[in-house]
Amino acid sequence: MRMPPTLACRTVVASLCLFQIHAEAAALMGFADSAMLMTEVGRYNQEWMLNYAPTVGHAIGIEQMRMSAKGEAATTITGVNYTGLIKRWNGRSTQANLWLNGGLGEARGLHEGFAYTPGVQFDIESTRLYFLAKTRMIRAPEMRYDTTAIQAGFSFYEASYEETQPWLVLELKSMRNTDPSLQITPALRFINKTYFLELGITNPGQGEGFAPRINAMFVF
Amino acid sequence: MKKLCLFVLFHLCISSAFAVTTIKAEVNGMVCAFCAKGIEKKLNALPQRQQSLVDLKSRVVALQLKEGQTLTDQAFVQVITEAGYSVEHVQRVNQSIEAIQAAMKQAAPATTGGPQ
């Protein structure tokens, strides 16, 4: 199928321009001169993002998010995004980060038009404990899927650099205009030096709200 | 006596000629392997690298230089800071990565990652 030139152009511009993703990990970007691929697949929203960090603390990339409320058609936002590390605190055995991110793009589907997704995230972790809080506006004409989430977790044991480290993480996430608006996701997280993989179940035991969720990150 | 002096002199010459230089740093904020991969990648790209080591538990990052190669402490620290971490202490030791690892294993079994 051939797209009209203007539509193709808009799609390319939008694709080259949103990005972000509320990655479910402390790191929203890799190291200087690295690329990071993140994806989240859940029942109510699916996202993927590819970003590039030219220097430590700044990353630009592309992102696509697809969201739908219960019984509604989906809306897909495609665009570019910037992630900035406002402040990092490196302790002897901890690291804390304050991030700012924001995307601009185009919404298509149930809601259409200009979309913007500013957000802020704070995380702190040690080799055994983890906490994250984040909030993000996800808006387009007549659309508000603003989200707020907190996560806390612990690792079963301290791992060496070469080993895969398993974690148990619990996330509470509220997403405006979705049903259920509160999503509770216990998840097993596996962190290796080459990948980050999270397998969770959203709202276990809640009938229709029950849904598997997968998060993955790779850095190159 | 003369033979002993010659032996000592010879041994000293051999030792200095084949001295191992490893730059070793204590790194702050290095809490997960996925996040610390940037350090390994950058160290592996250095032409001076013989071997490197990233150890999360002891917070140690070490780079063993190839024979005859040099690298300033500043350049070594820059690799780590560009990966997003801060360096607390840098030192040069005449120990190979294997020797550092062995010492770590002795100090705390099962804490050490393999050489990179």
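# Briefing on chains A and B

Leaving aside residues up to four places away in sequence, A:Gly113 touches A:Ala107, A:Ala140 and A:Pro141. The model described here is predicted. Chain A contains 1 helix and 15 strands, whereas the points on chain B below concern its helices α2, α3 and α4 and their surroundings. The two chains also meet, in a contact that takes 28 residues from chain A and 23 residues from chain B.

**Chain A overall**

- Of the 220 residues in chain A, 42% are buried.
- When contacts in chain A between residues at least 6 apart in sequence are considered, 48% of them join residues at least 24 apart.

**Two glycines of chain A**

- A:Gly113 belongs to strand β6 of chain A, which covers residues 113-116.
- A:Gly113 counts as exposed because it has 12 C-beta neighbours inside 10 Å, and a residue with 12 or fewer falls in that class.
- From A:Gly113 to A:Gly103 the C-alpha to C-alpha separation is 14 Å, and the two are 10 residues apart in sequence.
- A:Gly109 is found in strand β5 of chain A, residues 94-109.
- A:Gly109 has 16 other C-beta atoms within 10 Å and is therefore partly exposed, a class that lies between the exposed limit of 12 or fewer and the buried limit of 20 or more.
- Not counting residues up to four places away in sequence, A:Gly109 touches A:Ala73, A:Ala74, A:Thr75 and A:Thr76.
- A distance of 21 Å separates the C-alpha atoms of A:Gly109 and A:Arg136, which are 27 residues apart along the chain.

**Helix α3 of chain B**

- The helix α3(B) spans residues 73-82, and B:Phe76, B:Val79 and B:Ile80 are buried in it.
- These three residues lie on the same side of α3(B), because the arc they cover around the axis is only 90 degrees.
- An α-helix has 3.6 residues a turn, so residues three or four places apart point the same way.
- The partners against which the buried residues of α3(B) pack are β1 (22-28), α2 (33-44), β3 (60-65) and β4 (86-93) of chain B.
- After α3(B) comes B:Gly84, which has a positive phi, near 105 degrees.

**Packing of α2 with α3 in chain B**

- The axes of α2(B) and α3(B) cross at roughly 140 degrees and come within 8 Å; this crossing is right-handed.
- On the α2(B) side the meeting residues are B:Ile39, B:Lys42 and B:Leu43, and on the α3(B) side they are B:Val79, B:Ile80 and B:Glu82.
- Sorted by class, the contact of these two helices comprises 4 nonpolar, no polar and 2 charged residues.
- B:Val79 and B:Ile80 thus appear both among the buried residues of α3(B) and in the contact with α2(B).

**Helix α4 of chain B**

- In α4(B), residues 97-107, the buried positions include B:Ile97, B:Ile100 and B:Gln101.
- Those residues are on the same side of α4(B), since they cover an arc of only 100 degrees around the axis.
- The buried residues of α4(B) pack against β1, β2 (49-55) and β3 of chain B.
- B:Ala103 and B:Gln106 are exposed and sit on the face of α4(B) turned away from its buried side.

**Contact between the chains**

- The side of chain B that touches chain A draws at least two residues from each of α2 and β2 of chain B.
- The largest share of that side, 6 residues, comes from α2(B).
- By class, the side of chain B that touches chain A consists of 10 nonpolar, 9 polar and 4 charged residues.

Key: Residues numbered from 1 in each chain as written. Chains lettered and ligands numbered in written order. Predicted model: local features only at pLDDT ≥ 70, side-chain atom pairs only at ≥ 80, totals over all residues. Helix = DSSP H or I, 4+ residues; strand = E, 2+ residues; numbered from the N terminus. Arc of directions from axis to C-beta. Contact = placed C-beta atoms within 7 Å. Nonpolar A, V, L, I, M, F, W, Y, C, P; charged D, E, K, R; others polar. Axes fitted to C-alpha atoms, helices over the stretch in contact; angles between N-to-C directions. Left-handed = near helix turned anticlockwise from the far one by under 90°.
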